[in-house]
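Biologist: I should be grateful for a close look at one part of this model, followed outward into the elements around it in the chain. Please treat the backbone and the degree of burial together.

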Amino acid sequence: MIVYKYLRPDRIDVLEKCLIRFTQPAALNDPFETLPDFTAYRESIRESITKKRLPEHKKVPDQFGVNDSMIADAALANWGVAFSRDFGILSLSRCRDQILMWSHYADWHRGFVIGFDSEDPFFSASTGKAIGGIKEVRYSDSRALLPSDGLKSLNPGELDVWNDNIFFTKSIEWNYEQEMRILAQPTLADVRIAENTGIDICLNRFQPTAVREIIACAQCSEEMLMTLLRIWIDRFPDAEMFNALLSSSSFSVDLKSIRPEKAKALLALSCQ
């Protein structure tokens with residue numbers, strides 16, 4: 001299966017360097033990434049704080065309950081930080097011609113799309129950087145429920161299921177993305193770039209053979225198209241190259257295949 005990464009023009013370095021980012025949850029565009037339903041766990045923390053604050057035989061005034069709720073919320077605020085420290089996510093799509101994806105992630109149709117071979121060792125849990133391999137995202141109206149005791153009561157099998165739910169479940173609102181994703185550990189990144197936000201950019205290296213398709217967006221500049229053609233000819237001769245064209249009759253994008261000889265002719269003309 002081929003899975004697709006939509007990219008802005010300034011991310012041409014992904015093809016130039018064969019390095020791609022596994023983004024920590026806190027840096028993704030969905031604020032609910034890896035956030036479970038905290039209702040039961042939050043109440044458990046609040047009750048525990050209240051019991052420690054006052055003897056059992058005393059009635060708890062309302063103001064203590066309010067304060068303890070605030071403390072419980074503060075304790076849960078670090079949840080996303082811990083996940084961002086330990087996990088990075090590479091988000092891909094099963095779809096290569098979704099017009100919303102072209103707009104949202106490819107700079108309003110001015111960028112490009114890379115089609116990766118999902119069977120390539122890069123995506124394998126045994127030979128690549130991936131944790132558990134590539135998996136399909138599920139879309140749901142509800143978030144994974146965190147038990148009242150956190151994860152302490154879950155046996156290994158239940159914990160695996162819970163982890164799978166937390167990393168591979170998103171709101172139904174995102175279902176147009178048809179997402180496939182891979183997890184990796186930031187500490188094992190091939191390249192790590194420090195950021196003043198505290199969330200480093202973690203890049204992992206793939207082999208050119210992992211790339212099966214390169215697609216130039218419909219609104220990409222002539223300079224961008226020539227750059228993509230040059231990189232394709234030089235580095236990815238086994239991949240297919242396409243130019244996306246806006247349909248003349250419907251709200252869709254048509255993909256036109258480009259042959260190597262045509263690409264070389266266009267590159268020669270651009271140099272004159």
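What is the relative accessibility of T34, and does this residue count as buried or exposed?

Modeller: The model is a predicted one, and the description that follows should be read in that light. T34 has a relative accessibility of 3%. Since the limit for a buried residue is under 20% relative accessible area, T34 counts as buried. T34 belongs to the loop that runs between strand 2 and helix 2 (39-53). Its backbone deserves attention as well: phi of T34 is positive, at about 60°, although the residue is not a glycine.

C18 invites the same kind of inspection. The loop between helix 1 (13-17) and strand 2 contains C18, whose phi is near 55°, again a positive value in a residue other than glycine. With a relative accessible area of 3%, C18 is buried. Strand 2 is thus named in the description of both loops, that of C18 and that of T34.

Strand 2 itself takes part in an open sheet of three strands, ordered 2-10-9 and paired in the antiparallel sense. Strand 2 (19-21) and strand 9 (191-193) are the edge strands; each has a single partner strand, so one side of each lacks a neighbour in the sheet. From one strand to the next, the twist averages 30°. Strand 9 and strand 10 (residues 201-205) run antiparallel and are joined by three bridges, and R192 faces C202 of strand 10 across this pairing.

Other strands pair elsewhere in the model. In general, the strands of a sheet are held to one another by backbone hydrogen bonds, in a parallel or an antiparallel arrangement. Strand 1 (residues 2-7) is mostly covered, with six of its six residues buried. Its side chains alternate in direction: I2, Y4 and Y6 point one way, whereas V3, K5 and L7 point the other way, and all are buried. Strand 1 runs antiparallel to strand 4 (residues 112-117), to which six bridges join it; within this pairing, K5 has I114 of strand 4 as its bridge partner.

Strand 4 also pairs with strand 11, through five bridges and in the antiparallel sense, and V113 is placed opposite I215 of strand 11. Strand 11 (residues 211-216) is largely enclosed by the rest of the structure, because five of its six residues are buried. Strand 11 runs parallel to strand 12 (residues 240-246), and four bridges join the two. One of the contacts in this pairing links E213 to its bridge partner E240 in strand 12. Strand 11 and strand 12, together with helix 7 (residues 222-235), form a β-α-β unit of right-handed sense.

The surface offers a contrast with the buried loop residues. I99, L100 and F251 make a nonpolar surface patch of about 340 Å². L100, a member of helix 5 (residues 99-105), has a relative accessibility of 39% and therefore counts as partly exposed. To return to the residue of the request, T34 counts as buried at 3% relative accessibility and has a positive phi of about 60°.

Conventions. Residues are numbered from 1 along each chain as its sequence is written. This is a predicted model: local features need pLDDT of at least 70, side-chain atom pairs count only at pLDDT 80 or more; totals for chains, interfaces and linings use all residues. Side-chain values use heavy atoms; hydrogens and water are left out. Patches are made of residues with over 30% relative accessible area and no salt bridge: like charges are joined within 9 Å, nonpolar side chains (Val, Leu, Ile, Met, Phe, Trp, Tyr) within 5 Å. Accessible areas come from the Shrake-Rupley method with a 1.4 Å probe; for residues, only the protein chains shown count as cover. A salt bridge is a side-chain nitrogen of Lys or Arg within 4 Å of a carboxyl oxygen of Asp or Glu. Buried means under 20% relative accessible area, exposed over 50%, partly exposed in between (1.4 Å probe, protein chains only). Two strands pair if DSSP finds at least two bridges between them. Axes are lines fitted to C-alpha atoms, for helices over the stretch in contact, and angles run from 0 to 180 degrees between N-to-C directions. A crossover is right-handed if, with the strands pointing away from the viewer, the path from the first strand over the helix to the second runs clockwise.
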